[in-house]
Amino acid sequence: MGLRWENRTTCLHPPRKRFPKGRAGQGHVQSRCSRWLVLAIAMVRFYMEKGTHRGLYKSIQKTLKFFQTFALLEIVHCLIGIVPTSVLVTGVQVSSRIFMVWLVTHSIKPVQNEESVVLFLVSWTVTEITRYSFYTFSLLDHLPYFIKWARYNFFIILYPVGVAGELLTIYAALPYVKKTGMFSIRLPNKYNVSFDYYYFLLITMASYIPLFPQLYFHMLRQRRKVLHGEVIVEKDD
Amino acid sequence: VEILDAKTREKLCFLDKVEPQATIAEIKNLFTKTQGKSLKDEDVLQKLPVGTTATLYFRDLGAQISWVTVFLTEYAGPLFIYLLFYFRVPFIYGHKYDFTSSRHSVVHLACICHSFHYVKRLLETLFVHRFSHGTMPLRNIFKNCTYYWGFAAWMAYYINHPLYTPPTYGAQQVKLALAIFVICQLGNFSIHMALRDLRPAGSKTRKIPYPTKNPFTWLFLLVSCPNYTYEVGSWIGFAIMTQCLPVALFSLVGFTQMTIWAKGKHRSYLKEFRDYPPLRMPIVPFLL
């Protein structure tokens, strides 16, 4: 066992909870919430008019793509501290969403009418509205218990539903990807590299196995702490 | 003045006889001195700024492993793995290619260069480097080996592939790349020797490195960590030689990591030495 004598830093007050302060923080959080509300309303209207999920993706896709790409800003917001979430967690979430929207549903057209697409769209929408309502109300210091309850309970169903939707969508895309060889580079070529999108998708699906339980149990632990007593210094989401 | 841990609220230190006029900076100094800014093995108790009772703070860093062990493991892997691909050991490429040899001379040259590079690293670890710290956290060996071994396998797969495409500009490109590679390997070795000579055997003193009679060390005039500069140069040379994108990516990732280290080293040089040469940049002359 190696031992080393370490340094520590000092400060006069215990570390404060980092939270979106000022108009920038409020404005950002509210706009994020309303964007997802817009999406939710568009989805509900479509379903009420058409009675089917077919073509739903097509009708909302522009809005969805715009919003999700905008979500890259989220990572910047975490970096500069407007939002109290760790950069890594948000980075993973944003990348996986952008991956689903641009590299799966946008690029692989046959997959757009799958029921699994609706599954993850609904899951994402409800999750985000709940989460950002929570932030908004927290900022205004008027947090209705229902919002807090929703935030720490809805995920119990929504996470698995969303993950199921994403995995089923990727799975549905596999035959098409294999047949067309899309996004793939084969040997021989000038730069001596190859990439097989089909295997990339398989590996992505496999990566859900270690990642999803970690996220889920993290949220469960947060839930136990927040809803059942102890005050914690919240840093991660 | 009582100092508590911010998270656990436990009492960390009690500084008595602090002047009312003392600034926070001075209190921090007293605190870090008493708390242990990496207390060195050589420190003498009497010389430390503590009162009649000295309180030492112990922090368990977790399971550790020696630097030498980590270096040897992480460098031996790529050496061995690359050769597996070079000799086209079964189950990597199609069976009709087992134990065949590439018809491109650059592939053989690449194997020599890659192997030489890692043999050099192993020998330097055993005979040249003088480490400031004996150990690092155990989990580092898994992280580091994944990085080195993974990239080595990825590169070696393409370079030794039966469908490998030799460089676009042929022998000219290979010769230029080889020159860059050899110069940077010599440079990197020269810097390692110069750094070793800065520090007498068994000691842990730190001095500003300066150019010596060896022309390769003249890069010290422009850069704090010329060993990293030469290392990136070697890999760029290797990338040009093999014209293989995975090699370029490996060079890029390595460059990023080494830049972070170089900046850290540069900063600590500046902190420690008032008279540090102002012209020097961390890793890339004039730029970075």
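## Close-up views of a predicted two-chain model

**View 1. The second largest pocket of this predicted model.** About 990 Å³ of space lies in the second largest pocket. Several helices of chain A give two or more residues each to its lining, namely helix 4 (87–106), helix 5 (115–139), helix 6 and helix 7 (197–227). Helix 7 of chain A gives the largest share, with 10 residues. In total, 36 residues line the second largest pocket. To find its centre, look for Val92(A), Gln93(A), Ser96(A), Tyr159(A) and Leu215(A), the lining residues that lie nearest to that point. What kinds of residue make up the lining of the second largest pocket, by nonpolar, polar and charged? The lining divides into 16 nonpolar, 13 polar and 7 charged residues. Rolling a probe the size of a water molecule over the atoms is a way to show where empty space is left.

**View 2. Chain A, helix after helix.** Here we step back to take in the chain that holds these helices. Chain A has 7 helices and 0 strands, and its pattern along the sequence reads α-α-α-α-α-α-α. It has 237 residues, and 43% of them count as buried. Among the contacts in chain A with a separation of 6 or more, 71% are between residues 24 or more positions apart.

**View 3. How confident the prediction is along chain A.** The mean pLDDT of chain A is 77, and 73% of its residues reach 70 or more. Where in chain A is confidence lowest, and where is it highest? The lowest mean, 67, belongs to helix 1 (residues 22–50) of chain A, while helix 6 (residues 145–180) of chain A has the highest, at 92. Please take care at the start of the chain: over residues 1–20 of chain A, pLDDT stays under 50. The model still has 54 contacts beyond four places in sequence for residues 1–20 of chain A. Where pLDDT is low, the predicted coordinates should not be read in detail.

**View 4. Glu166(A), a buried residue in helix 6 of chain A.** Is Glu166(A) buried or exposed? Glu166(A) counts as buried because its relative accessibility is 8%, under the 20% cut-off. Around Glu166(A) you will find Met100(A), Phe120(A), Trp124(A) and Tyr208(A), its contacts once neighbours within four places in sequence are left aside. Ser116(A) is another residue to look for: 50 residues separate Glu166(A) and Ser116(A) in sequence, and their C-alpha atoms are 6.9 Å apart in space.

**View 5. The loop between helix 6 and helix 7 of chain A.** Two backbone details are worth a pause here. A cis peptide bond joins Leu187(A) and Pro188(A), with omega at about -10 degrees, and Pro188(A) is found in this loop. Phe183(A) also sits in the loop between helix 6 and helix 7 of chain A. The phi of Phe183(A) is near 55 degrees, a positive value in a residue other than glycine. Phe183(A) counts as partly exposed, because its relative accessibility is 40%.

**View 6. Stretches of chain A that UniProt lists as "transmembrane region".** Which residues of chain A does UniProt list under this feature? The unreviewed entry lists residues 69–96, 116–140, 152–177 and 197–217 of chain A. In the model, residues 152–177 of chain A are 100% helix and 0% strand, and the end C-alpha atoms lie 37 Å apart. Residues 197–217 of chain A are also 100% helix and 0% strand, with end C-alpha atoms 30 Å apart.

**View 7. Stretches of chain B that UniProt places under "transmembrane region".** For chain B, the unreviewed entry in UniProt gives residues 65–87, 146–164, 176–195 and 236–261. Residues 146–164 of chain B are 74% helix and 0% strand, and their end C-alpha atoms lie 25 Å apart. For residues 236–261 of chain B, the values are 92% helix, 0% strand and 19 Å between the end C-alpha atoms.

**View 8. Two buried residues of chain B, Thr125(B) and Gln243(B).** Thr125(B) is part of helix 3 (residues 105–127) of chain B. Its relative accessibility is 3%, so Thr125(B) counts as buried. Beyond residues up to four places away in sequence, Thr125(B) touches Val68(B), Phe71(B), Leu72(B), Tyr75(B) and Phe131(B). Gln243(B) lies in the loop between helix 6 (226–242) and helix 7 (245–272) of chain B. Although Gln243(B) is not a glycine, its phi is positive, at about 45 degrees. Gln243(B) counts as buried because its relative accessibility is 11%.

Conventions:
Residues are numbered from 1 along each chain as its sequence is written. Chains are lettered from A and ligands numbered from 1 in the order in which they are written. This is a predicted model: local features need pLDDT of at least 70, side-chain atom pairs count only at pLDDT 80 or more; totals for chains, interfaces and linings use all residues. Side-chain values use heavy atoms; hydrogens and water are left out. pLDDT is the predictor's confidence in each residue, from 0 to 100. Helices (H or I, at least four residues) and strands (E, at least two) are DSSP runs, numbered from the N terminus. Contact means heavy atoms within 4.5 Å. Buried means under 20% relative accessible area, exposed over 50%, partly exposed in between (1.4 Å probe, protein chains only). UniProt positions are given in the numbering used here, feature names are shortened, and annotations may be inferred rather than shown by experiment. On a 1 Å grid over the protein atoms alone, a cavity is a set of points where a 1.4 Å probe fits but cannot get out, and a pocket is an open set with protein on both sides within 12 Å along at least five of seven lines; lining residues have an atom within 4 Å of a point. Grid points are joined across faces, edges and corners, and a volume is the space filled by probe spheres set on the points. Ala, Val, Leu, Ile, Met, Phe, Trp, Tyr, Cys and Pro count as nonpolar, Asp, Glu, Lys and Arg as charged, and the others, Gly among them, as polar.
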